[in-house]
Amino acid sequence: MIIRTATLADLPQIFEIGAKCYPAEEALTQEEYRGRLLVYPHHFWLLEKDQEILAFINGPVTPIDHITDEMYQNPALHREDGTWQAILGINTSPKHQGKGYASQIMKQVIRDAQAQGRKGCVLTCKPELIAYYEKFGFCNRGKSSSALAGQTWYDMALLF
């Protein structure tokens, strides 16, 4: 298995996995994934084995310490010189879930963000995933202002 950054050639597999991981109201279109790959490919990590993508994490770099709903829709908000690595999507192929693959990539994302001199990583999650992210050192900052898909989200931050 290897962890690498994504390319446009990975788009079909990325879209297929993403469509299976999220309810329709939260899932990205193929064009939305394409936009992210075009703008911040170095912040789109894949775990791959034998040319099969098992899991992926992606998100822009931002100067603000929390996720906004606009970040999900507008990859142009990415700022390579930003101080925070935002995490907008964590996906594991359903046939490979429960094997720790997302955790492997998350550890790489954290290492990369530290090596790039970021202040930390930020994400939003549903209540049932708070404990999962706390295992990586993320702190729950309370309910997010996000209204994505009409869900309740929590702001999580990992400070370096």
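# A tour of two sheets and a pocket

Start by selecting Ala-55 and Thr-92: in this predicted model, Ala-55 stands opposite Thr-92, which belongs to strand β6. Now widen the selection to strand β3, residues 52–58, together with β6. These two strands run antiparallel and are joined by 4 bridges.

**Stop 1: the four-stranded sheet**

Add β1 and β2 to what you have. You're now looking at an open sheet of 4 strands, in the order β1-β2-β3-β6, with antiparallel pairing. Which strands stand at the edges? They are β1 (2–5) and β6 (89–92); each has a single partner strand, so one side of each is left without a neighbour in the sheet. Turn the view and follow the twist, which averages 25° from one strand to the next.

Next, pick helix α1, residues 11–21. This helix packs on the sheet and touches β2 (44–49), β3 and β6. Compare directions, and you'll find that α1 makes about 70° with β3. Then select helix α4, residues 101–115, which lies across β1, β2, β3 and β6. The angle between α4 and β3 is about 45°. Keep α4 switched on, as you'll need it again.

**Stop 2: the five-stranded sheet**

Hide the first sheet and show β4, β5, β7, β9 and β8. In that order, these 5 strands form an open sheet with mixed pairing. The edge strands here are β4 (61–62) and β8 (139–143), each pairing on one side only. Back to α4: this helix packs on the sheet, touching β5, β7 and β9, and its direction makes about 160° with that of β5.

Now walk across the pairs:

- β4 and β5 pair in the antiparallel sense over 2 bridges; look for Thr-62 opposite Trp-84 in β5.
- β5 (residues 84–87) and β7 pair in the parallel sense, over 4 bridges; here Trp-84 stands opposite Gly-120 in β7.
- β7 and β9 (residues 154–159) pair in the antiparallel sense, over 6 bridges; find Gly-120 opposite Leu-159 in β9.

**Stop 3: inside β7**

Select β7 on its own and turn on the side chains. In a regular strand, side chains alternate between the two faces of the sheet. On one side of β7 you'll find Gly-120, Val-122 and Thr-124, and on the other Cys-121, Leu-123 and Cys-125. Are these residues buried or exposed? They are all buried, and both faces of the strand are covered. With 6 of its 6 residues buried, β7 is largely enclosed by the rest of the structure.

**Stop 4: Leu-159**

Move on to Leu-159 in strand β9. Why does Leu-159 count as exposed? Because exposed means over 50% relative accessible area, and Leu-159 has 54% relative accessibility. Leaving out residues up to four places away in sequence, Leu-159 touches Trp-84, Lys-119, Gly-120 and Arg-141. Try a distance too: Leu-159 and Arg-118 are 41 residues apart in sequence and 9.0 Å apart in space, C-alpha to C-alpha.

**Stop 5: the largest pocket**

Finish at the largest pocket, with a volume of about 740 Å³. Of its 36 lining residues, select those closest to the centre: Tyr-22, Ile-90, Asn-91, Leu-129 and Tyr-133. Then colour the elements that give two or more residues to the lining: α2 (30–39), α3 (69–73), β6, α4, β7 (120–125) and α5 (130–134). Which element gives the most? That's β6, with 4 residues. Colour the lining by class, and you get 18 nonpolar, 11 polar and 7 charged residues.

Technical notes:
Residues are numbered from 1 along each chain as its sequence is written. This is a predicted model: local features need pLDDT of at least 70, side-chain atom pairs count only at pLDDT 80 or more; totals for chains, interfaces and linings use all residues. Side-chain values use heavy atoms; hydrogens and water are left out. Two strands pair if DSSP finds at least two bridges between them. Axes are lines fitted to C-alpha atoms, for helices over the stretch in contact, and angles run from 0 to 180 degrees between N-to-C directions. Contact means heavy atoms within 4.5 Å. On a 1 Å grid over the protein atoms alone, a cavity is a set of points where a 1.4 Å probe fits but cannot get out, and a pocket is an open set with protein on both sides within 12 Å along at least five of seven lines; lining residues have an atom within 4 Å of a point. Grid points are joined across faces, edges and corners, and a volume is the space filled by probe spheres set on the points. Ala, Val, Leu, Ile, Met, Phe, Trp, Tyr, Cys and Pro count as nonpolar, Asp, Glu, Lys and Arg as charged, and the others, Gly among them, as polar. Buried means under 20% relative accessible area, exposed over 50%, partly exposed in between (1.4 Å probe, protein chains only).
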